[in-house]
Amino acid sequence: MTDENSMKDELDELVENMIRIMETEDAKAYSEDVISEFRNPSNVGRMADADGEGVADGLCKDTMEMWVKVRDGLIVDCTFFTDGCGATIACGSRLTRFVKGLSTDEAMRVRPRDLVSLLNGLPPDHEHCAALAIIALKNALRDCEARRSAGAGGVRR
Ligand code: FES
């Protein structure tokens with residue numbers, strides 16, 4: 001089984017657990033956008049030929065990883081993986097879709113509150129999950145820039 005498949009299986013299992021938790025806890029706290037995003041997340045998994053990768057560790061002990069591919073200054077692909085909560089899966093999924101096609105400068109300006117708006121809101125005690133996704137993205141973009149500056153990694157801008 002490839003790394004990507006095992007990550008997808010791991011995330012599928014996590015999503016199933018989260019669905020059970022979210023259905024039994026206060027489901028009304030989550031917008032329909034959040035629930036549909038984490039039930040069927042996009043862009044999950046490691047990108048083997050990424051130009052940059054970034055990690056963010058939350059105080060909640062959850063982790064978000066993000067990978068980007070950049071061409072001519074534009075983000076052409078972005079994927080994520082997290083061991084975090086349902087809201088974090090929704091944040092990773094929505095953010096990776098949103099930044100595709102943005103310039104790296106535009107993506108660096110996306111704020112956690114922008115991501116919360118894209119998801120039509122998050123419960124206050126899960127707003128930090130959006131920050132985790134944004135930090136992982138920015139770390140991936142910084143890594144991409146560092147590789148480009150070092151002349152390694154074959155990044156074409
Ligand atoms: Fe830890 Fe959501 S990232 S609770």
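## An exposed turn residue

With 8 C-beta neighbours inside 10 Å, D72 counts as exposed, since the cut-off for that class is 12 or fewer. This is a predicted model, and D72 is a handy place to start reading it. D72 lies in the loop between β2 and β3. Its phi is positive, near 50°, even though the residue is not a glycine. The hairpin of β2 and β3 that holds D72 has 2 residues between the strands.

What makes such a value worth a look? Most residues other than glycine have a negative phi.

## The three-stranded sheet

From this turn we can move out into the sheet. The sheet is open, has 3 strands in the order β1-β2-β3, and its pairing is antiparallel. Since β1 (52–57) and β3 (74–82) stand at the edges with a single partner strand each, one side of each is left without a neighbour in the sheet. On average, neighbouring strands here are turned by 20° against each other, direction ignored.

Now the pairings themselves. Strand β2 (residues 63–71) and β3 are joined in the antiparallel sense by 8 bridges. Two positions help you follow the register: V68 stands opposite C78 in β3, and V70 has I75 of β3 as its bridge partner. On the other side, β1 and β2 also run antiparallel, with 6 bridges between them. Here G54 has M66 in β2 as its bridge partner. The hairpin of β1 and β2 has 5 residues between the strands, and in it K61 takes a positive phi near 80°.

## Helices across the sheet

Which strands does α3 lie across? Helix α3 lies across β2 and β3, and runs at about 170° to β3. That angle is over 145, so α3 and β3 count as roughly antiparallel.

Helix α6 (residues 127–150) lies across β1, β2 and β3, at about 145° to β1. It has 24 residues and reaches 35 Å from its first C-alpha to its last, close to the 34 Å expected at 1.5 Å a residue. The buried residues of α6 are C129, A130, L132, A133, I134, A136, L137, A140, L141, D143 and C144. What covers these buried residues includes the strands β1, β2 and β3 together with α3, α4 (104–108) and α5 (112–118). When reading that list, it helps to recall that an α-helix has 3.6 residues a turn, so residues three or four places apart point the same way. After α6 comes G151, with a positive phi near 75°.

## Where α2 meets α3

Helix α2 (residues 32–39) packs against helix α3 (residues 86–99) at an angle of about 85°, and their axes are 8 Å apart. The two helices are therefore roughly perpendicular to each other. On the α2 side the contact is made by V34, E37 and F38, and on the α3 side by G86, A87, I89, A90, S93 and R94. By class, the residues of this contact divide into 5 nonpolar, 2 polar and 2 charged.

## A buried asparagine

One more backbone detail is worth a stop. N43 is found in the loop between α2 and β1. Its phi is positive, about 60°, although N43 is not a glycine. Is N43 buried or exposed? With 20 C-beta neighbours inside 10 Å, N43 counts as buried, because the cut-off is 20 or more. D72, which also has a positive phi, counts as exposed with its 8 neighbours.

Methods
Residues numbered from 1 in each chain as written. Predicted model: local features only at pLDDT ≥ 70, side-chain atom pairs only at ≥ 80, totals over all residues. Axes fitted to C-alpha atoms, helices over the stretch in contact; angles between N-to-C directions. Helix = DSSP H or I, 4+ residues; strand = E, 2+ residues; numbered from the N terminus. Parallel < 35°, antiparallel > 145°, perpendicular 65-115°, else oblique. Contact = placed C-beta atoms within 7 Å. Nonpolar A, V, L, I, M, F, W, Y, C, P; charged D, E, K, R; others polar. Pairing = 2+ DSSP bridges. Expected span 1.5 Å × (residues − 1).
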